[in-house]
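Here's a quick briefing to keep open while you look at the model. Start with the view below, then work through the bullets.

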Amino acid sequence: MDRPTEVKPIERKVTRYVCPFCRQGRSKRSYAQEHIDQCWKNPAQRSCGSCVNFHPGSVGGYEEPGCDPYCAVGAEIHSADGDKRLVRLCPSWEPSTFVVETALRDVGWSI
Ligand SMILES: [Zn+2]
């Protein structure tokens, strides 16, 4: 019995629009812009993802219990609407230079 003819994949290049703060991609520029405007790592949102006070928590280990994410200065990290989103426009927000510098460098700004 003959082996079926091998069918080769077709190469297709696509354009993705990626958030400079968290690297999530979208298929359309407008969708990416909507995301950027709400991204928790965008410093303009003053959310935990760009704040020096945010501690992401840890999973724990053999003798370590681990912990949930928290704010080092005691601010609420969850949004008031009850879902699992992080708070935005936090009055205790302070810029995390690491996230800000990395994002700015990614979009071609010199720091
Ligand atoms: Zn993002």
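Leaving out residues up to four places away in sequence, Cys90 touches Arg46, Ser47, Cys51 and Ala75, where a contact means that two C-beta atoms, placed from the backbone, lie within 7 Å. Keep in mind that this is a predicted model: local features need pLDDT of at least 70, side-chain atom pairs count only at pLDDT 80 or more, and totals for chains, interfaces and linings use all residues. Residues are numbered from 1 along each chain as its sequence is written.

**Around Cys90**

- Cys90 sits in the loop between β4 (70–71) and α2 (97–106); helices (H or I, at least four residues) and strands (E, at least two) are DSSP runs, numbered from the N terminus.
- Is Cys90 buried or exposed? It counts as buried because 20 other C-beta atoms lie within 10 Å; the cut-offs are 20 or more for buried, 12 or fewer for exposed, and partly exposed in between, with C-beta atoms placed from the backbone.
- Glu76 is 14 residues from Cys90 along the chain, and their C-alpha atoms are separated by 8.5 Å.

**The nonpolar core**

- Cys90 also belongs to the largest nonpolar core, which has 6 residues in all: Cys48, Cys51, Phe54, Val87, Cys90 and Trp93.
- A core here is a set of buried Ala, Val, Leu, Ile, Met, Phe, Trp, Tyr and Cys residues joined through C-beta atoms within 7 Å.
- Setting aside neighbours within four places in sequence, core member Phe54 is in contact with Cys48 and Cys71.

**Ser47 and Arg46, two of the partners of Cys90**

- Ser47 lies in the loop between α1 and β3, and it is buried because it has 23 other C-beta atoms within 10 Å.
- Beyond residues up to four places away in sequence, Ser47 touches Trp40, Leu86, Val87, Arg88 and Cys90.
- Ser47 and Leu86 are 39 residues apart in sequence, yet 6.8 Å apart in space, C-alpha to C-alpha.
- Arg46 is in the loop between α1 (29–38) and β3 (54–55), and it counts as partly exposed because it has 18 C-beta neighbours inside 10 Å.
- Arg46 isn't a glycine, but it has a positive phi of about 50°.

**Another positive phi: Arg23**

- Arg23, also a residue other than glycine, has a positive phi near 75°.
- You'll find Arg23 in the loop between β1 (17–18) and β2 (25–26), and it is exposed because just 10 other C-beta atoms lie within 10 Å.

**Tyr70**

- Tyr70 is in strand β4 and is partly exposed, with 15 other C-beta atoms within 10 Å.
- Its contacts, leaving aside neighbours within four places in sequence, are His55, Gly57 and Ile77.
- The C-alpha atoms of Tyr70 and Cys48 are separated by 9.3 Å, with their positions 22 residues apart along the chain.

**Whole chain and confidence**

- The chain has 2 helices and 4 strands, in the order β-β-α-β-β-α along the sequence.
- Of its 111 residues, 14% are buried.
- Among contacts between residues at least 6 apart in sequence, 34% join residues at least 24 apart.
- Mean pLDDT (the predictor's confidence in each residue, from 0 to 100) is 84 for the chain, and 83% of residues reach 70 or more.
- Confidence is highest in β2, at a mean of 96, and lowest in α2, at 67.
- Where pLDDT is low, don't read the predicted coordinates in detail.
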